[in-house]
There are 2 protein chains.
Amino acid sequence: MQQTTTGEADGVALSAEPGARPADEAVSALRRVQRALLRGGGTTAALADVAARLHALADELETTAPPTEDRMAEMWQATPPRHDPVTGPENPLAPPMRLHGRADGSVDGTTVLDLPYQGPPGHVHGGVTALLLDHTLGTANAWAGTSGMTAELTLRYQRPTPLFEPLEVAAHQVAVEGRRIRTSGTVSARGRVCVRAEGVFVDKRLPKPRARVGP
Amino acid sequence: MQQTTTGEADGVALSAEPGARPADEAVSALRRVQRALLRGGGTTAALADVAARLHALADELETTAPPTEDRMAEMWQATPPRHDPVTGPENPLAPPMRLHGRADGSVDGTTVLDLPYQGPPGHVHGGVTALLLDHTLGTANAWAGTSGMTAELTLRYQRPTPLFEPLEVAAHQVAVEGRRIRTSGTVSARGRVCVRAEGVFVDKRLPKPRARVGP
């Protein structure tokens, strides 16, 4: 996360920009496959073939994956992170949503969600908006310069959040009281708030994995 | 969702069981690819080839996907649902977690999460445990016989939730007060609670999409 002081710049990218890296491209293609499967693509015969080809890909990738601790050390060196399930261009679960820091201290991003994120018919799963908000509140803390881990998160669902159309996700840090940080945010569609979040964060962090030293 | 009366049976499956269906198998293979990519599998050259093969798969699947409204009508006929992002065998975002209803009115399930679900280093993203809990509280309501949509959800993070080891997710309906339903739940690891959730649900539902009549 950036530790940039607020008030200096507007529209600063706080999440990794998907680029022309092979990993980003592979994950982007994987998202297309996810969406197409949820949308019901593939006859029964075609799906058996799709499964076989995906298992073959997984076999190849699994044989070249490094030891988990090495991968963890490597993935935590990236700033901003590239692997999280909300903004990460390297994470197929992430839409991915791109977040920007504003001069007024807030952060915001826009995303459009498809069928993999469905909860009630035609609408976004309430747990998915919770995921977007938890992450965006955390990013707002980093943008404000004092971040921590989520201690409490309260979500108020005011109206159903639609699939297939742009969602505005925004957050800002409200107060820092000793080690407690209060932060709030919203998910909106068509200018109307669908979900409000209020979070309490504590100023502590888990250590980042480090690369092993020596052979 | 089941509308089974509680107290009659124990260990009743409340989520779809992944089976030998081609869609389940394709999605299961897709999860292997997701995990292997997050684990850093693939050289740069290999990832370019992986991306090309995934794009080819997506091209094929997209051409055979039915109109969205037809797919929506079809997917909402399944009971229990097969497409949601927590338990759905047809949803590559779902771990998938299998939930069971107990004779005492509670529901529970076990899951192990890998790198796609990471938040803090080596631990589950707080938004992901929120997603698991929102869904499990909703399922507890269905099992108790009175379900609705999430109005408010409060999550208390007591300790970091570990990746790579079994998580117990449990929930039960606490009270029904008019149209308001109160439900609570936990995510635990090694017998200790990591996250507590309290939810307020309202007894209403969005209509399920229906198949179009006639040509």
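Through which surface do the copies meet, the same one or different ones? Here's a set of close-ups of a predicted model to help you find out.

**Figure 1. Two copies, chain A and chain B, meet through the same surface.** The reasoning is short: 100% of the interface residues of chain A are also interface residues in chain B, so the copies share one meeting surface. In this view, 80 residues of chain A are in contact with 80 residues of chain B. Together they bury about 7000 Å² between the chains, and carbon and sulfur atoms give 68% of that area.

**Figure 2. A half turn lays one chain on the other.** Any two copies of a chain are related by a rotation about an axis and a shift along it. For this pair, a turn of 180 degrees with a shift of 0.0 Å along the axis puts chain A on chain B, with an RMSD of 0.0 Å. The two copies are thus related as by a two-fold rotation axis. Want a landmark? Look for T154(A), whose C-alpha is 2.1 Å from the axis, the closest approach of any residue of chain A.

**Figure 3. Strands from the two chains pair up.** Zoom in on β4(A) and its partner, strand β4 (residues 149-157) of chain B. The two strands pair in the antiparallel sense, over 5 bridges. Try picking out one of the residues involved: L153(A) has L155(B) in β4(B) as its bridge partner.

**Figure 4. Charged side chains link chain A and chain B.** There are 8 salt bridges between the two chains, while the structure as a whole holds 32 over all chains. One to look for joins R32(B) and E62(A), with N to O at 2.8 Å. Another joins D59(B) and R32(A), with N to O at 2.7 Å. That second pair crosses between chains, running from helix α2 (residues 44-64) of chain B to helix α1 of chain A.

**Figure 5. Polar contacts, and what chain A brings to the interface.** Across the interface, 30 residue pairs are in polar contact, both partners being at pLDDT 80 or more. On the side of chain A that touches chain B, the elements giving two or more residues are α1 (22-38), α2 (44-64), α3 (68-75), α4 (126-144) and β4 (149-157). Which element gives the most? It's α2(A), with 15 residues. Sorted by class, this side of chain A has 45 nonpolar, 20 polar and 15 charged residues.

Key
Residues are numbered from 1 along each chain as its sequence is written. Chains are lettered from A and ligands numbered from 1 in the order in which they are written. This is a predicted model: local features need pLDDT of at least 70, side-chain atom pairs count only at pLDDT 80 or more; totals for chains, interfaces and linings use all residues. Side-chain values use heavy atoms; hydrogens and water are left out. Contact means heavy atoms within 4.5 Å. Buried area is the accessible area (1.4 Å probe) that two parts lose on being put together, summed over both. A salt bridge is a side-chain nitrogen of Lys or Arg within 4 Å of a carboxyl oxygen of Asp or Glu. A polar contact is a pair of N or O atoms within 3.5 Å; within protein, one must be able to donate a hydrogen and the other to accept it, and residues adjacent in sequence count only if both atoms are side-chain atoms. Helices (H or I, at least four residues) and strands (E, at least two) are DSSP runs, numbered from the N terminus. Ala, Val, Leu, Ile, Met, Phe, Trp, Tyr, Cys and Pro count as nonpolar, Asp, Glu, Lys and Arg as charged, and the others, Gly among them, as polar. Two strands pair if DSSP finds at least two bridges between them. Copies are superposed by least squares on the C-alpha atoms of residues with pLDDT of at least 70 in both.
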